[in-house]
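Here is a quick tour for anyone meeting this structure for the first time. Have a look at it, then read on.

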Amino acid sequence: MVQLALAAALVLAAAFLWTNLRENLASRQIRSGFGFLREPAGFAIGEGPVPYTPSDSYLWALAAGVANTLRASAVGIVLATIVGTLVGVGRLSRNVLVRGASTAYVETLRNVPLLLQLLAWYLVLTELLPEGTDPVRLAPHVFLSKDGLQLPVPVWARGWALALAALPIGLLGAWALFRWARSRRERTGHTPQVLWPALLVALGAPVLAWLAGGAPRELDVPEVTTFNVSGGVGMTPEFLSLVLGLSAFTAAYIAEIVRSGILAVPRGQIEAAAAIGLSHRRALRLVVLPQALRVIVPPLTSQYLNLIKNSSLAVAIGYPDLVSITNTAINQNGQALESILLIMSVYLTINLLTALAMGWYNRRVALVER
Amino acid sequence: MPGTAEALAGARLPPVRRRGPWAWARANLFATVPSTIATVVFAATLARALPRIARWAVTGAVWSADYDACRQLAYRAACWGFVAEKHRLILFGRYPYPEQWRPLVGTLLVVAALGASAHPRCWRRWLVAVWAVVLPAFLVLMGGGVLGLTPVETGLWGGLPLTILLTLVGVSISIPIGVVLALARRSKLPFLRAAATLYIEMVRGVPLITVLFVASFVMPLMLPRQARIDVLTRIAAGITLFQAAYMAEVVRGGLQALPRGQHEAAASIGLSWWQTQRRVILPQALVLVIPSFVNSLLSVFMDTSLVTVVSMYDLTGALRLALGDPRWRNFFLEGYLFVGAVYFTCCFGMSRYSAWLERRLGRWISRPGTSR
């Protein structure tokens, strides 16, 4: 009975909203449907890995937005994990200065809204830095200015392509070595030391391929000209402030997760590992880390998902992510409902895929119960 | 292992417990070589940075709203004159200047009521009465139109009062919705359960900004043309419906923490499902998650800053409004530090309060998925 009533109420509400929608769209002469996706978008997009011109379709503009969202999120996740782990370990340091600094970092960043932090990063990067004609030199040929960050990149050549192709082969070889070491330990009880050989194989294969390809060493180096910094690969201030803001903010949450994960491993485990004669390093690798990861992975997943969702704040600082491109599109053609449905489904898909990937990883580290 | 026998045989004196500043420094600053290096690096950085920060923020700074004095600083020191000049715009947004005592009084009333609600000893029936007076009083003060107060349309509401209003509405209305959703998600009726689960997971999967876009762009299209619902109401509804999904998970955490015996005991004395929930389950589950509610209050308080993106002037938006003045634009850092300090004070206070409450209420449940 209750369910029938609920279903009826939902259907009625949907019908009510739908008729209103039809009427309003008709009276405001807004089209409906997803036909607009094939029409030319007509607006420019500042940056991104996807080649795009204003004459491309709306669909392609949205794809460029998705690519930008994923690019910023991926870099942000890597940075946030590194910084968060360092700060989380710092929170447990026996050194009072390290501990204090880590605590101050966590408390400050967690208690100020992310949007405010992003806006502040953006203004700092676009107002306080020197002009492009007189950039700060961070390292040889690495320049930071109001125009963003400029880095040297190798000029694309056959050697690099071969190296890239050889990387998976090297990794596969290293994995095979580990498998062999493991099966040998299980058969004979002796553990062959394969860490260095494996590293050699993993890195050696691309290096060999690079040498075989003629060892290209030409770099595209940024140079300061009278107008700006030219050459090399550039990162815009929008991208930099989004990535810095997102990762600094998320790192504060990851630090707390790492800290609680480490604290969750009882001291007795470390003592027991020492008692059966494991070295400190092997105790960390075989006893502490697996147990800490079990506690860390689920909340870490939700922080990664939060970071991806928070990357939508790019709209406030003008980084052309999915949401800001959709915002521009809505302002042009008024088809808000379709556009918003599209971004929501993209976020739901990204969320679902990340959750599945992390779930797979979580099952690997989870407790195997009999 | 060689040496073990000697170690067992040779008796050693018990370790001496050392006290005093030197022993403290040995343990906390110079325990190991890496620790000593860290101490030296940190101390050197602090020794260099602290005097500069003090000179920038305090001794060299201009405190009065003197534009010419600020310009002569040329970034060498802070110009708090920007905050002195614009503090009313930052705190109250575009609210009509001569009427700004009204949001001030309203905000003070709400803050006082919040203070009264903070201590568990005050969780009595009269507290409901207090809020029943304070909230309408706040809205009347803000909106006017009665008691001889000039009407002020909601489009002009802004600054800290707007942030507080959106937070309070978002949290207080999302709790009952969240309770219903949580009960539905644990219900035995499959359609009800599926509908609640779908809603919760969909909302938790999308960013708040898309929900605000729906409230700002799509909602007007979906409501009858006669029903003119202003932006503030739509945005508040959006925040509430978004937060309700998170509240549902918070409440579900509390529900799951209760042992099955509670349900069985209630059934054995013949209580119906509704009676069981109302008299037995919910009172216990909700008390368990009160600290989580405070944490939600905190996150909604910070999330309301997003309404800036849909052109509302809450605390963050009002700051950007103030920075729109080209004369003072260069002093954005001071403005951001000021607003950041306001947020930090509120949020840090709330998080300490939540931790205190958690200890005081004694029990706590932590469960992945219930906290953000």
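Start at the hairpin of β1(A) and β2(A): 2 residues sit between its strands, and A:His141 takes a positive phi near 65° there. Keep in mind that this is a predicted model, so every detail here is part of a prediction.

The two arms of that hairpin are β1, residues 136–139 of chain A, and β2, residues 142–145 of chain A, and they pair in the antiparallel sense. To pick out one rung of this ladder, find A:Val136, whose bridge partner in β2(A) is A:Leu144.

Now zoom out a little. The hairpin strands belong to an open sheet of 4 strands in chain A, in the order β1-β2-β3-β8, with antiparallel pairing. Which strands stand at the edges? They are β1 and β8 (233–235) of chain A; each has a single partner strand, so one side of each is left without a neighbour in the sheet. On average, and ignoring direction, neighbouring strands of this sheet are turned by 25° against each other.

At the β8 end, the partner strand is β3 (residues 148–151), and this pair is antiparallel too. A:Leu151 is a handy residue to look for, as its bridge partner in β8(A) is A:Val233.

Here are the two strand pairs side by side:

| Strand pair | Sense | Bridges |
|---|---|---|
| β1(A) and β2(A) | antiparallel | 3 bridges |
| β3(A) and β8(A) | antiparallel | 3 bridges |

Over in chain B, there is a helix pair to look at. Helix α10 (residues 208–222) and helix α11 (residues 231–257) have axes that come within 9 Å and cross at roughly 145°, and the crossing is right-handed. On the α10(B) side, the contact residues include B:Leu208, B:Val211, B:Leu212 and B:Met219, while α11(B) brings in B:Val231, B:Ile235 and B:Phe242, among others. What kinds of residues make up this contact? They divide into 10 nonpolar, 2 polar and 1 charged.

Finally, how much confidence does the predictor have in chain B? Its mean pLDDT is 83, with 94% of its residues at 70 or more. Within chain B, confidence is highest in helix α8 (residues 159–185), at a mean of 91, and lowest in helix α1 (residues 4–9), at 55. Residues 363–372 of chain B stay under 50 in pLDDT, and the model has 21 contacts beyond four places in sequence for them. As for the complex, the predictor gives an ipTM of 0.85 and a pTM of 0.85.

Definitions and conventions
Residues numbered from 1 in each chain as written. Chains lettered and ligands numbered in written order. Predicted model: local features only at pLDDT ≥ 70, side-chain atom pairs only at ≥ 80, totals over all residues. Pairing = 2+ DSSP bridges. Axes fitted to C-alpha atoms, helices over the stretch in contact; angles between N-to-C directions. Left-handed = near helix turned anticlockwise from the far one by under 90°. Contact = placed C-beta atoms within 7 Å. Nonpolar A, V, L, I, M, F, W, Y, C, P; charged D, E, K, R; others polar. pLDDT = per-residue confidence, 0-100.
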